There are 2 protein chains.
Amino acid sequence: MTHDTTEVSFPDLNRLVRPRSIVIVGASDRPGSLGRRTVDNLLHASEFGGDTYLVNPGRDAIDGHPCHPDVASLPAAPDVAVIAIPAGGVLDALEQCAAKGIRYAIVLTSGFGEAGDEGRAQQERMRRIAAETGLRIYGPNCPGLTNLADRIGMTFSPAFADDKRTGPIGIATQGGGLGRNLIQAAERGAGAALWASLGNAVDLDVADFVHHMAGDDQIKVIVTLMEGVRDGRRLLAAFRAAAEAGKPVVTLKVGHSEYGVRAIQSHTANLAGSAEVNSAVFAQLGVVEVDDIDELMDVAWLLARATPPPRTRVAVFSGSGGACVMAADMVGAAGLELAEFAPETTAALREVLPGFAAVDNPVDVTAAVIPDPGLMDRALGLVAADPYVDLVLLPIPLDYGDHSALGSRAMAEAQSRTSTPLLPVWMSDKRGPGWQVLADAGFCSPGSLGKAVLAVRRWADHGRRAATDPGPAPLLLRGAGPTSVPLPAVDTEPKAKAWLAAAGIAVPEGVPAGSADQAREAARELRGRLVLKVVSPDLPHKSDVGGVIVGIEGPDAAAEAWDRIVASASPHGRVEGVLVERMAPDGVDMLVGVHRDPVYGHLITVGLGGVHVELFRDVQRRLLPLDRRTAVEMLDGLRCRPLLEGMRGAPRHDVEGLVDLLLTVSDLVSRHADELGELDLNPVRVRPAGSPGPTVLALDALVVRR
Amino acid sequence: MTHDTTEVSFPDLNRLVRPRSIVIVGASDRPGSLGRRTVDNLLHASEFGGDTYLVNPGRDAIDGHPCHPDVASLPAAPDVAVIAIPAGGVLDALEQCAAKGIRYAIVLTSGFGEAGDEGRAQQERMRRIAAETGLRIYGPNCPGLTNLADRIGMTFSPAFADDKRTGPIGIATQGGGLGRNLIQAAERGAGAALWASLGNAVDLDVADFVHHMAGDDQIKVIVTLMEGVRDGRRLLAAFRAAAEAGKPVVTLKVGHSEYGVRAIQSHTANLAGSAEVNSAVFAQLGVVEVDDIDELMDVAWLLARATPPPRTRVAVFSGSGGACVMAADMVGAAGLELAEFAPETTAALREVLPGFAAVDNPVDVTAAVIPDPGLMDRALGLVAADPYVDLVLLPIPLDYGDHSALGSRAMAEAQSRTSTPLLPVWMSDKRGPGWQVLADAGFCSPGSLGKAVLAVRRWADHGRRAATDPGPAPLLLRGAGPTSVPLPAVDTEPKAKAWLAAAGIAVPEGVPAGSADQAREAARELRGRLVLKVVSPDLPHKSDVGGVIVGIEGPDAAAEAWDRIVASASPHGRVEGVLVERMAPDGVDMLVGVHRDPVYGHLITVGLGGVHVELFRDVQRRLLPLDRRTAVEMLDGLRCRPLLEGMRGAPRHDVEGLVDLLLTVSDLVSRHADELGELDLNPVRVRPAGSPGPTVLALDALVVRR
């Protein structure tokens with residue numbers, strides 16, 4: 001089966017995130033200990049209204065709260081157990097939790113999967129406890145679960161007490177250090193509602209929390225930060241749930257280079273997966289992918305602040321002419337659109353602003369205007385109210401102390417009166433009072449102008465995509481199911497092509513020749529310019545062994561080519577004969593390929609074929625099965641698209657035929673998903689639309705079984 | 001003449017930057033006024049040991065310093081006059097300065113070129129004063145000149161008093177606001193020696209200061225931030241002087257998009273110039289170009305900190321496993337090399353660090369080690385001392401308060417004992433004491449991990465380039481000089497090809513045909529597959545008017561094609577006939593073009609030809625004339641380079657022949673530089689090396705006069 005996600009199920013995590021009662025196993029009063037810090041967070045830094053139980057066999061009470069000797073002796077089964085005891089006792093405690101009927105356990109303790117063979121064995125036992133008892137385990141080796149919106153800190157992190165800024169962003173991370181980095185973005189105004197930092201994720205993982213957040217009303221935007229993807233199908237299903245709930249997902253998936261992939265393996269023992277495949281899959285599901293950790297909160301904050309429209313027109317407004325120019329330049333370089341103001345806006349700005357200000361977009365109000373709140377507020381209000389402005393970028397190149405603070409206050413004022421998002425960008429390394437005013441007003445300034453423009457571009461792209469997206473990808477439900485049609489013999493080019501032809505994919509006219517004489521005969525029959533190719537189940541890369549000769553004309557030349565090919569290829573593998581084909585008329589050579597990704601299943605690739613794919617990597621990838629809209633979108637995403645359309649007076653090529661071929665391949669693969677590993681049609685020749693004969697032909701075909 | 005920079009001369013600015021005496025014209029005691037602030041900076045916030053004169057006709061003294069009524073009545077001619085009077089009196093004051101024998105005037109006053117027609121006229125008069133009297137004018141409409149290293153503030157900026165951090169970076173900017181942004185990078189540890197912010201730059205401009213900084217011992221790295229380039233030749237000569245002095249130049253040139261180009265024109269009335277051309281020229285001169293303003297100081301600081309080696313191997317060292325993985329991943333994605341430690345390093349790290357730390361590169365010392373100065377210091381020292389490590393990247397994902405401060409202190413300690421540059425990256429938005437420790441220790445943390453890796457890549461690229469660069473580009477001295485050989489008639493393809501052939505560039509065999517019969521005759525003579533092309537001085541784009549037919553075989557077909565071409569093209573322009581050419585054998589189609597840039601002169605372009613240039617823009621550009629090394633470098637920089645080398649068993653193409661063609665074109669253009677505007681050879685067919693007949697042929701040729 002390819003991608004049937006219907007059977008994926010997710011646990012209800014509501015009572016884990018918002019428990020009515022919690023037990024801390026390993027509560028302690030020893031300063032600095034895991035248990036002490038956890039007690040501090042839950043008893044003193046949280047606003048938890050439910051029941052809290054403490055387990056510590058050596059104490060009667062901690063901070064006035066009575067202690068119980070073990071989980072078994074608790075008077076009731078709390079919703080969540082937070083485990084903060086040394087590794088040696090954890091499994092026993094978990095078994096007690098399960099026996100007691102506790103539904104969720106958060107294991108803070110480390111010393112498991114990350115700690116050698118013994119730790120791995122312990123972790124495997126932990127996994128079995130979860131699987132066998134139904135106890136859902138969060139962790140181990142993690143800082144815990146931080147519910148910021150409700151102020152419930154099931155964490156040992158001493159920073160929790162200061163995590164006061166909240167916002168509608170839900171964060172699911174694997175590592176704790178980088179997750180805390182995201183929480184510290186609160187410093188510049190970006191608050192979160194919930195942070196799940198899953199550590200070794202023996203049971204619950206990022207996908208479970210994405211699914212939870214999709215249904216959590218306190219969360220509008222979901223952020224994930226991952227090294228590895230353990231179960232692609234569950235992750236996709238969770239992302240799909242977020243899309244169905246209309247909640248954007250912003251993700252950073254590490255593992256874009258060999259170094260990263262290797263480091264991931266030694267850090268988490270997770271498979272990194274192919275970055276290209278991850279990116280293709282994320283894009284297909286409307287997930288916004290970013291390249292750096294600060295960009296997660298830049299984009300998430302902006303998406304939480306305002307829903308991006310189908311078309312984004314940007315206004316630039318600054319007190320610095322130089323910053324105006326630089327911002328406008330970057331807006332253009334990022335492929336974004338600079339708004340053209342309505343004439344009334346320009347006229348009103350001219351009336352309001354001093355004569356030396358620039359009233360077109362970008363608006364340079366000059367430094368003189370920044371500390372004049374009335375003027376700033378009016379001018380910024382006019383720009384934000386312009387019907388052709390969808391976002392106002394406010395580059396602030398300098399910290400000018402109190403002057404800047406006045407400017408920041410004017411921005412906050414203006415934002416309070418408009419639904420058009422304002423994006424101030426504090427570009428200076430100096431953080432004066434103006435910086436603090438912005439953060440306290442709930443703005444989240446990106447760290448540089450470049451990052452700000454990048455965030456706007458991602459925001460705008462998401463809006464454009466959402467506008468054309470008819471809804472959550474239906475394709476994920478169209479898997480072929482576990483019963484698969486048997487794949488015929490396709491181990492040589494003629495057999496593979498016969499299989500393709502039977503499915504309706506055109507291939508060149510060809511005749512297999514078992515001898516030089518048969519080649520001569522085939523040449524008589526086929527006429528015209530010919531190509532001869534070795535037929536062998538052992539030699540998928542025919543050119544490399546001298547197994548292909550093109551441009552042959554006439555029977556004698558064909559016979560001679562047969563001999564040469566067989567002589568050249570025979571030392572390298574079994575030769576069953578030579579395929580004599582008529583050379584296809586001119587056209588654009590594309591490649592169409594399918595491969596089976598270990599994490600996500602079958603993906604299809606289309607791109608410019610021939611040698612260009614290696615040089616320019618102009619390809620588009622999608623999960624199979626495809627629908628027509630997605631197939632069209634793939635072609636539209638290629639840089640070589642104009643070539644198909646017909647450049648420099650060349651005719652339009654049969655783009656529709658290529659779309660049909662993609663859909664036929666998708667069907668074919670779905671039917672044989674259990675057996676099919678790889679399918680390469682390279683090149684696929686796409687001829688001018690309306691040419692006589694087939695206009696889309698698979699000139700070569702290679703099928704590899706799983 | 002093309003690019004003869006020998007005659008470019010630069011003023012000696014030493015006495016402007018380090019004057020022995022200064023007069024403030026318009027010294028004032030009115031709080032907040034331009035003159036007051038300038039007096040404050042020079043008298044109270046500077047450490048200026050020379051003579052200061054004040055000019056104010058309405059005061060006897062200011063702050064105890066006597067005032068003179070005007071410049072004329074000064075007892076001596078100071079080195080520099082700082083002009084801080086209203087615009088109306090500036091020209092008169094400048095004339096007095098010139099008459100007095102003052103060499104340099106810094107005009108702070110605005111209301112000139114940026115202020116409408118009247119202002120522009122005044123500024124033109126100012127320019128004439130400079131040209132006629134030899135008085136060198138800095139400004140107007142600028143914040144002044146800030147000598148940080150010697151603490152001489154010839155500026156009205158109230159921030160000067162706080163500009164205490166200095167470093168070996170020289171900064172030349174056009175705008176003041178963005179320039180001040182660079183100075184505020186001092187907050188995170190990057191100090192400057194000198195900041196020239198040139199405003200309208202009526203006389204002295206960025207090039208003059210780059211040239212000065214090239215010879216200024218207090219400066220190791222030069223930063224420029226520009227919107228427009230007024231005189232490309234002078235800028236190149238200044239960059240060349242910096243290269244000769246071994247000082248890297250880091251530059252941000254705004255104007256990468258249409259929006260930016262338009263905004264620049266309305267902001268400064270400067271021409272933005274073509275971004276592609278600017279980038280090509282900068283690269284050719286070894287100038288490091290960046291994309292965002294914060295990246296200027298990221299890279300400049302790193303270059304000032306350590307000279308990059310020919311090959312850079314990066315170590316990653318952090319207390320966060322997640323940050324280690326992310327950094328290693330980004331290092332790889334940026335095309336950088338992760339160091340492989342010497343076995344002794346790994347062994348020693350294993351001995352020093354706790355068992356759960358990762359001792360390969362990336363080194364994850366775990367959070368436990370960060371606040372242990374002894375351990376941190378030893379481990380970091382081992383990594384920095386590894387013979388295969390050229391730079392240590394230290395990602396710090398979190399602010400952990402005093403713990404982080406201990407870590408930062410250990411980094412400063414370790415840096416004090418190694419010449420290997422350490423680059424801490426403070427990734428958190430929270431700035432605790434650890435952040436301040438880094439800045440005070442003279443580290444300059446980039447604003448994000450991505451920006452840090454980008455800075456390292458640019459640093460490494462500069463090192464690699466410097467290692468292969470045999471010295472400052474000699475090509476700039478190889479201009480053909482003002483006497484140019486007359487260009488023959490080249491207004492049609494046959495004439496242009498005849499001219500090329502005479503210079504040694506191969507073209508296909510061809511015969512011009514004035515009639516269908518002549519075409520028939522030509523076909524008999526040439527034989528084989530033919531191409532017929534319209535000959536017309538009016539129709540440079542022959543295909544667009546049906547003026548090209550390929551694949552013609554035989555005399556009859558040629559005659560018929562002649563008729564069709566003439567019928568199709570005639571309505572569009574004068575038709576002189578049809579060129580009948582033998583079609584060239586297969587090969588790789590490249591394009592070679594020359595155009596004359598209004599700022600820099602003639603540039604040559606080479607890239608993959610045909611339709612691919614529009615799709616993939618795989619081109620390399622250089623200033624002419626070329627030397628062989630640069631021509632080879634151009635080809636090496638193309639993504640399509642493997643195609644020329646022969647991919648998938650294809651033979652190697654005649655790369656040397658293509659280099660020869662580039663050099664021939666370079667010579668040809670140099671000889672005709674006065675008359676030649678544009679030259680397009682597209683395609684140039686490059687055939688397998690050693691093929692019979694010419695292996696590099698210009699299949700089409702278009703010449704446009706200036």
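Here are two worked exercises on this predicted model. Residues are numbered from 1 along each chain as its sequence is written, chains are lettered from A and ligands numbered from 1 in the order written. Local features need pLDDT of at least 70 and side-chain atom pairs count only at pLDDT 80 or more, while totals for chains, interfaces and linings use all residues.

**Exercise 1.** Work out how α11(A) and α16(A) pack, and which residues make the contact.

*Solution.*
- Step 1: Helix α11 (residues 321-333) and helix α16 (residues 449-468) of chain A are DSSP runs of H or I, at least four residues, numbered from the N terminus.
- Step 2: Their axes, lines fitted to C-alpha atoms over the stretch in contact, lie 10 Å apart at an angle of about 40°, on a scale from 0 to 180 degrees between N-to-C directions.
- Step 3: α11(A) is therefore oblique to α16(A), since under 35 degrees is roughly parallel, over 145 roughly antiparallel, 65 to 115 roughly perpendicular and the rest oblique.
- Step 4: α11(A) brings A:M326, A:A327, A:M330 and A:V331, and α16(A) brings A:L449, A:G450 and A:V453; contact means C-beta atoms, placed from the backbone, within 7 Å.
- Step 5: By class, this contact has six nonpolar, one polar and no charged residues (nonpolar: Ala, Val, Leu, Ile, Met, Phe, Trp, Tyr, Cys, Pro; charged: Asp, Glu, Lys, Arg; polar: the others, Gly among them).

**Exercise 2.** Describe the side of chain B that touches chain A.

*Solution.*
- Step 1: Chain B and chain A each give 66 residues to the contact.
- Step 2: Among the elements of chain B giving two or more residues are α5, α8 and α16.
- Step 3: α11(B) gives the most, with 11 residues.
- Step 4: This side of chain B divides into 30 nonpolar, 20 polar and 16 charged residues.

How values were computed. Contact = placed C-beta atoms within 7 Å.
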